[in-house]
Amino acid sequence: MAVQKILQYPHPILKRRADTVRNIDDRIHRIIRNLLDTLAASPGVAIAAPQLGEPQRIIVCDVSGKTKDKHHGRVILINPEIRSREGWKIFREGCLSVPDYTGNVGRAQRVRVEGLDPEGTEVHLAAEGFEALALQHELDHLDGLLFLDRISSLSTDLFRRKKY
Ligand SMILES: [Zn+2]
């Protein structure tokens, strides 16, 4: 059990491209456990390894309980890639690394994502709605992008949060 500190904007690790995982070894499994523990103790639905200071391409996501949209429960993905996008919608988004703000961000409504699970098995996921949004947000973290980078106008699309 290791709930860790979540790095906050503008920490430089949040701005760099995370490294591809070459070997799913004990270190990677430890990062995954820390991601799961930290997410469970947070108000968020998903988290990416760079947010814990680990610049590795790993995300975990679990939107069950936060949406009526279809979803896959707990998703753990190593080296995830988006293979296709469909639709477009503006969503109001938040981020555990930007706790004081939310923002209006345009995202695909449906995505197909591929990656590896913690055992190294290939995973193909067709996600939609809130889960699709969460996955796109987390994959952005692996490329050093925050939702702030996708806001068209800081004056009309960024909102101060009263409380998480
Ligand atoms: Zn985030």
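In which strand does Asn79 lie? In this predicted model, Asn79 belongs to strand S3. Its phi angle is near 50°, a positive value in a residue other than glycine. Asn79 counts as buried because its relative accessible area of 18% falls under the 20% cut-off.

**Overall fold**

The secondary structure of the protein consists of two helices and eight strands. Followed along the sequence, these elements give the pattern α-β-β-β-β-β-β-β-α-β. The radius of gyration is 15 Å, close to the 15 Å that the globule rule gives for 164 residues, so the protein is as compact as a globular protein of that length. The C-alpha trace spans about 45 × 30 × 30 Å along its principal axes.

Of the 164 residues in the protein, 49% are buried. When contacts between residues at least 6 apart in sequence are considered, 65% of them join residues at least 24 apart. The protein exposes about 8,700 Å², and carbon and sulfur atoms supply 47% of that area. There are 25 positive and 22 negative charges, and the mean positions of the two sets are 6 Å apart.

**The zinc site**

Three residues provide the protein donors of the zinc ion: Cys95 through SG, His137 through NE2 and His141 through NE2, at 2.0 to 2.2 Å from the ion. Along the chain these donors follow the spacing C-x41-H-x3-H. Cys95 and His141 link distant parts of the chain, being 46 residues apart. Cys95 sits in the loop between strand S4 (89-93) and strand S5 (101-107), whereas His141 is part of helix H2 (residues 129-142). Cys95 is buried, with a relative accessible area of 2%, and His141 is likewise buried, at 1%.

**Accessibility of selected residues**

The table lists the relative accessible areas of the individual residues discussed in this report.

| Residue | Relative accessible area | Class |
|---|---|---|
| Cys95 | 2% | buried |
| His141 | 1% | buried |
| Asn79 | 18% | buried |
| Ile82 | 18% | buried |
| Ala126 | 44% | partly exposed |

**Strands S3 and S7**

Ile82 also has its place in strand S3, which covers residues 74-86. Leaving aside neighbours within four places in sequence, Ile82 is in contact with Val111, Arg112, Val113, Gln136 and Leu139. Its C-alpha atom is separated by 27 Å from that of Leu154, a residue 72 residues away along the chain.

Ala126 is found in strand S7 (residues 122-128). Why is Ala126 classed as partly exposed? Its relative accessible area is 44%, and this value lies between the 20% and 50% cut-offs, so the residue is neither buried nor exposed. Apart from neighbours within four places in sequence, Ala126 is in contact with His72, Val111 and Arg112. Val111 and Arg112 thus appear among the contacts of Ala126 and also among those of Ile82. From Ala126 to Leu158 the C-alpha to C-alpha distance is 29 Å, with their positions 32 residues apart in sequence.

**A cis peptide bond**

Which form does the peptide bond from Tyr9 to Pro10 take? This bond is cis, with omega near 5°. Pro10 is located in the segment before helix H1 (26-40).

Note on methods. Residues are numbered from 1 along each chain as its sequence is written. This is a predicted model: local features need pLDDT of at least 70, side-chain atom pairs count only at pLDDT 80 or more; totals for chains, interfaces and linings use all residues. Side-chain values use heavy atoms; hydrogens and water are left out. Donors are N, O and S atoms within 2.8 Å of the metal (3.2 Å for Na, K and Ca); water is not among the atoms, so sites may look incomplete. Helices (H or I, at least four residues) and strands (E, at least two) are DSSP runs, numbered from the N terminus. Buried means under 20% relative accessible area, exposed over 50%, partly exposed in between (1.4 Å probe, protein chains only). The radius of gyration is taken over C-alpha atoms; the globule rule is 2.2 Å times the number of residues to the power 0.38. Contact means heavy atoms within 4.5 Å. Accessible areas come from the Shrake-Rupley method with a 1.4 Å probe; for residues, only the protein chains shown count as cover. Lys and Arg count as positive and Asp and Glu as negative; His and the chain ends are not counted. The place of a charge is taken as NZ of Lys, CZ of Arg, CG of Asp or CD of Glu.
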